[in-house]
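Colleague: Please put the model up, and then I will ask about the ligand site and the sheet.

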Amino acid sequence: MNWWRAFADQMELDTPLGPMTWYRLGGKARYLFRPDDVDGLSRLVRRARDAEVPLKVLGAGANVLIRDDGFDGVVVRLDREAFRSVERNGSRVRAGAGVDLMNLARRCSESGLSGMEGLAGIPASVGGALRMNAGGRFGEIGQVVHGATVLSPAGEVEQWSREQIGFGYRASKLGDRIVLTADFDLIPADPLETRRRFDECFAYKRATQPLSEKSAGCVFKNPPGHSAGALIDRAGLKGARCGAAQVSQRHANFIVADRGARASDVIRLIDLVRDRVLAEFDTELEVEIDIW
Ligand code: EPU
């Protein structure tokens, strides 16, 4: 008997994952599951665990690279209504894991709730953004998180405080937990001012990053005290290629995929960049994107 028989109406088989990611590269998911509600997700998580089928959640697909041979397990997408609600209570905002972070940051900024302006233009789902503490030079999402409702690997709903989530630099302690909703504590402010700040942060991003090309944002974390982009640039690697993957001419910490690229091209280029920066500056670069 198929382990997933009870979920057949919400399950797709052998689905290409590339179109669900910003890179638009990589192979298929053996199973793709789009739950209608938390209960369905919880039952699926337990069933997959019992059947020893690996499970991953795909958010906005903005920070992942799917390998060419795909993922031999179940990929969960929280894109149905139950996971996309936004509620405001004073200056506290609760957003579902499937909510688009860019829209949320814009809406909060427009309505005079301060705290998310620095997240302007960061492509992510709320769940993915929490997991890796999305952010940049203007701030990180963890700074405004009050807490989150998560699903444990045993399928239990848990309430996690900000301290438990344990935000670090592009990191959290969420591990195998699946974010269901996140609570944000924002600060009432002049809407004109929050909107101006939002636009300013977005403009910086547009001016310095190759946003119209296919990429997964910054490939490497910034090593302590350094900018990965500046190191790669100084190593003379802008424009370096492997197959149809190229180190961006605009921002050296971006690897862009041209027409015909394969995930393996990007992975080879990541290795090449890491080796060259190590040889040149004796600095080890750590990959920031999630490679499946
Ligand atoms: N720089 C270069 N050459 C380059 C790129 C950058 O010399 O090719 C220099 C810049 O001139 C600047 C310094 O390096 O002096 C830092 O560059 P930038 O301001 O672009 O910031 P970053 O540290 O490279 C971080 C985040 C970005 C985020 C921006 C803006 C990391 C790894 N990156 O970039 O996040 O958008 O700040 O907030 O923390 C991402 O995580 O995917 C991402 C793009």
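Colleague: Which residues are the closest to the ligand?

Modeller: This is a predicted model. In it, 23 residues surround the ligand, counting any with a heavy atom within 4 Å. The closest of these are R137, Y204, C218, N222 and D233.

Colleague: Which element gives the largest share of the shell around the ligand?

Modeller: Strand 9 (135–136), helix 5 (191–208) and helix 6 (228–234) are the elements that give two or more residues to the shell. The largest share is 3 residues, and the element that gives it is helix 6.

Colleague: How much of the ligand does the protein bury?

Modeller: Among the polar contacts, a side-chain N or O atom of Q209 is 2.8 Å from an oxygen atom of the ligand. A backbone N or O atom of A252 also lies 2.8 Å from a ligand oxygen. Taken alone, the ligand exposes 820 Å², and the share buried by the protein is 77%.

Colleague: What is the order of the strands in the open sheet?

Modeller: The sheet has 5 strands with antiparallel pairing. Strand 6 (86–89) and strand 12 (157–161) each pair on one side only, so they are the edge strands. Read across, the order is 6-7-13-11-12.

Colleague: Which residue of strand 13 stands opposite A148?

Modeller: Strand 11 (residues 145–151) and strand 13 (residues 178–185) pair in the antiparallel sense over 6 bridges. Opposite A148, the residue in strand 13 is A182.

Terms used. Residues numbered from 1 in each chain as written. Predicted model: local features only at pLDDT ≥ 70, side-chain atom pairs only at ≥ 80, totals over all residues. Heavy atoms only, no water. Pairing = 2+ DSSP bridges. Helix = DSSP H or I, 4+ residues; strand = E, 2+ residues; numbered from the N terminus. Polar contact = N/O pair within 3.5 Å; in protein donor to acceptor, adjacent residues only side chain to side chain. Areas by Shrake-Rupley, 256 points an atom, 1.4 Å probe, with all protein chains shown as cover.
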